[in-house]
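Visitor: Please take a close look at one part of this structure, the largest nonpolar core, and set it within the chain that surrounds it.

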Amino acid sequence: MKTLTKLALVLIPTMALSLSATAHDPSLHVKKAEKADCSKMDHSKMDMKNPVAIAMMKKCMKQSKADDHKMKEMDHSKMKKIESKAAKKDDQEHNH
Amino acid sequence: MKIIKLLLVLFVLAIGSAATVMYSGIVNVAADEPHSNFVYWLLEETRERSISHAAKNIKVPDLSDPELLLTGGTDYEFMCASCHLKPGQSESDMSVGLYPAPPNLAISSKTHVGHEHDDDDEAARRNFWIIKHGIKASGMPAWGKTHDDQRIWAMVAFINQLYTLTPEQYQILTAID
């Protein structure tokens, strides 16, 4: 068997498989242009030094600029205020 | 003289048995039939040695920019998640049907079996090389043919964080805006 034939034996099933693979699970191959679901963000748990948190904020801010009302869906009541965080830090420093 | 003759006979014999195995059709190339332990070890060892040799001089850029998670995330969702899964998903037709199986990149690399990663740079270098060049005779394509290095590094940065993400965080990071 030539290398080419062998390669074809491996590659053709692979390609055939990848074409049909997602066909059984419609939720997987219906790639709708979904928007970020920013209402699910829990700001109380977010650490603003974490790159993941920053990236999520960026994404949602960009999106909310595009359509303004989305912003209202964010749960800001749970957001920690920046001041309170700073105050906490101060407390700790003066504690000893 | 005798020894040369003997070597020649052995050589011809070796080629002969290799050819016999090849042409007899005894080798099973079906993806639903796993390799024997020996063949698996042989292939894995060859792959890992090859990758670490080829990747050893790659310079890892700063991967901490949050913006990288956004470009890398969208690319991952559209090009990789079907094989490598995402938070909250434990299998897909591809992850089950392909052999070698695509590893689940949404769980920590420390918990998936096969190999350990020495350190972060080492792992980043390895991932970059694999994404750019792909792996022969596996389902892993060479994305470097159609994507520049910067986009590939963004995916490397995203994969670094992927195992920490909840399904909701994943959705936000990977949605298109």
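Guide: What follows describes the core, then one of its residues, then chain B.

This is a predicted model, in which local features need pLDDT of at least 70, side-chain atom pairs count only at pLDDT 80 or more, and totals for chains, interfaces and linings use all residues. Residues are numbered from 1 along each chain as its sequence is written, and side-chain values use heavy atoms, with hydrogens and water left out.

The largest nonpolar core (buried Ala, Val, Leu, Ile, Met, Phe, Trp, Tyr and Cys residues joined through side-chain atoms within 4.5 Å, where buried means under 20% relative accessible area with a 1.4 Å probe, protein chains only) has 44 residues, and those with the most contacts inside it include Met41(A), Tyr76(B), Phe158(B) and Leu173(B). At least two residues of this core come from each of several helices (DSSP runs of H or I, at least four residues, numbered from the N terminus), among them H3 (51-66) of chain A and H8 (167-174) of chain B; H7(B) gives the largest share, nine residues.

Beyond its neighbours within four places in sequence, Leu173(B) is in contact (heavy atoms within 4.5 Å) with residues that include Val52(A), Met56(A), Leu69(B) and Phe158(B).

As for chain B, its secondary structure comes to eight helices and zero strands, and 37% of its 177 residues count as buried. The C-alpha trace of chain B spans about 75 × 35 × 30 Å along its principal axes. Of the contacts in chain B with a separation of 6 or more, 59% are between residues 24 or more positions apart.

How values were computed: Chains are lettered from A and ligands numbered from 1 in the order in which they are written. Buried means under 20% relative accessible area, exposed over 50%, partly exposed in between (1.4 Å probe, protein chains only).
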